[in-house]
Amino acid sequence: ASAEREELRQRFVCEATLLAGLQHPCIPVIYDLGETQDGRPFYTQKPLGGGSWSDVFRRNKRHENLQILSRVADGIGFAHDRGFLHRDIQPDSVVLQAFGEVTIIEWGVAVNLERRQELSQAGTPAYMAPEMARHDIEKIGIRSDVYLLGATLFEIITGKAPHDHGHKSADEKLADAAANKIVAVEASDPLLAVAYTAMAADPEERYESAAEFQDALSRG
């Protein structure tokens, strides 16, 4: 239990330190990092108003969700430029604030690309890239986050997360993700081609960057 607490403590401190170095409109602003008298770490950040994107995801008009996703891609691209992967991009990881601001949260599983050998498996199986599900560390990189952007686009278009095949367990969804088994849909939407390219099984066949994905999104 003490080892588990220490791991959580380290993750908390790493998240705060990471966020403190990422100054972007779509990333939470950290004001201070410290410890309480009994040794528990804390950080203070700019308050987040509004609510989760997932709360309004189904009610939003398509163009509203696409605009939000483009903003998310912008913030993720900025993090990539600073050497970090998010690893859990999805509607639950985005807060929509009162005046239209889009804030990406859930940075607790983010990782420095230069320390990928220390990666533990993380993410949400319904959205995961196959290399993430297989924990293939050598293949996990920027294009893994591009996959997650594509997975979110897929959900905007179809209403389904790519590996959410009915009432399956998390382990079954993880297996579907590892095999890149994407929910079959009947649709001729031009943006589906963008989603499928972003979700290619081979990372080398995906968009090279969040910016390239964002560009394809705007043209689609």
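Modeller: A residue counts as buried when its relative accessible area is under 20%, as exposed when that area is over 50%, and as partly exposed in between. In this predicted model, 47% of the 220 residues of the protein count as buried.

Colleague: What is the accessible surface of the protein, and how much of it belongs to carbon and sulfur atoms?

Modeller: The accessible surface comes to about 11,200 Å², and carbon and sulfur atoms hold 49% of it. The protein has eight helices and seven strands, and of its contacts with a separation of 6 or more, 63% are between residues 24 or more positions apart.

Colleague: How do you know which elements have the lowest and the highest mean pLDDT?

Modeller: The protein averages a pLDDT of 85, and 79% of the residues score at least 70. Taken by element, strand β2 (residues 41-45) has the lowest mean, 51, while helix α5 (residues 142-158) has the highest, 97. Where pLDDT is low, the predicted coordinates should not be read in detail.

Colleague: Why is the pair of W53 and F57 called edge-to-face?

Modeller: Three aromatic pairs are counted in the protein. For W53 and F57 the ring centres are 5.3 Å apart and the planes stand at 65°; centres within 6.5 Å make a pair and planes over 60 degrees apart make it edge-to-face, so both conditions are met. W53 has a relative accessibility of 1% and F57 has a relative accessible area of 5%, and since buried means under 20%, each of the two counts as buried.

Colleague: What makes the rings of Y207 and F213 a pair, and of which kind?

Modeller: Their centres lie 6.1 Å apart, which is within the 6.5 Å cut-off, and their planes are at 70°, which is over 60, so this pair is edge-to-face. Y207 is buried at a relative accessible area of 11%, and F213 is buried at 0%.

Colleague: Why is the contact between E155 and R58 called a salt bridge?

Modeller: The N to O distance between these side chains is 3.2 Å, and the cut-off is 4 Å, so the pair qualifies as a salt bridge. Six salt bridges are counted in the protein. E155 belongs to helix α5 and R58 to the loop between α2 (53-56) and α3 (62-81), so this bridge ties together parts that are 97 residues apart in sequence.

Colleague: How do you know whether E155 and R58 are buried or exposed?

Modeller: E155 has a relative accessibility of 6%, under the 20% limit, and therefore counts as buried, whereas R58 has 57%, over the 50% limit, and therefore counts as exposed.

Colleague: What makes D176 and K168 a salt bridge?

Modeller: Their closest N and O atoms are 3.0 Å apart, which is within 4 Å, so the definition is satisfied. D176 is buried, with a relative accessible area of 7%, and K168, at 28%, falls between the two limits and is therefore partly exposed.

Colleague: Where do D215 and R219 lie, and how do you know that their side chains meet in a salt bridge?

Modeller: Both lie in helix α8 (residues 210-219), four residues apart, which is about one turn of the helix. The N to O distance is 3.1 Å, again within 4 Å, so this is a salt bridge. D215 is partly exposed at 39%, while R219 is exposed at 61%.

Colleague: Why is D145 said to have no salt bridge?

Modeller: D145, which is found in helix α5, is buried, and the nearest side chain of opposite charge, R87, is 7.0 Å away; a salt bridge needs a nitrogen and a carboxyl oxygen within 4 Å, so D145 and R87 do not form one. Leaving aside neighbours within four places in sequence, the residues in contact with D145 include I76, H80, L85 and R87.

Colleague: What is particular about the phi of R87?

Modeller: Most residues other than glycine have a negative phi. R87, however, has a positive value, near 80°. R87 sits in the loop between β4 (84-85) and β5 (94-96), and at 7% relative accessibility R87 counts as buried. H135, in the loop between α4 (130-133) and α5, also has a positive phi, near 55°, and H135 is partly exposed, with a relative accessible area of 29%.

Note on methods:
Residues are numbered from 1 along each chain as its sequence is written. Side-chain values use heavy atoms; hydrogens and water are left out. pLDDT is the predictor's confidence in each residue, from 0 to 100. Helices (H or I, at least four residues) and strands (E, at least two) are DSSP runs, numbered from the N terminus. Rings of Phe, Tyr and Trp (its six-membered ring) pair if their centres lie within 6.5 Å; planes under 30 degrees apart count as stacked, over 60 as edge-to-face and the rest as tilted. Buried means under 20% relative accessible area, exposed over 50%, partly exposed in between (1.4 Å probe, protein chains only). Lys and Arg count as positive and Asp and Glu as negative; His and the chain ends are not counted. Contact means heavy atoms within 4.5 Å. Accessible areas come from the Shrake-Rupley method with a 1.4 Å probe; for residues, only the protein chains shown count as cover.
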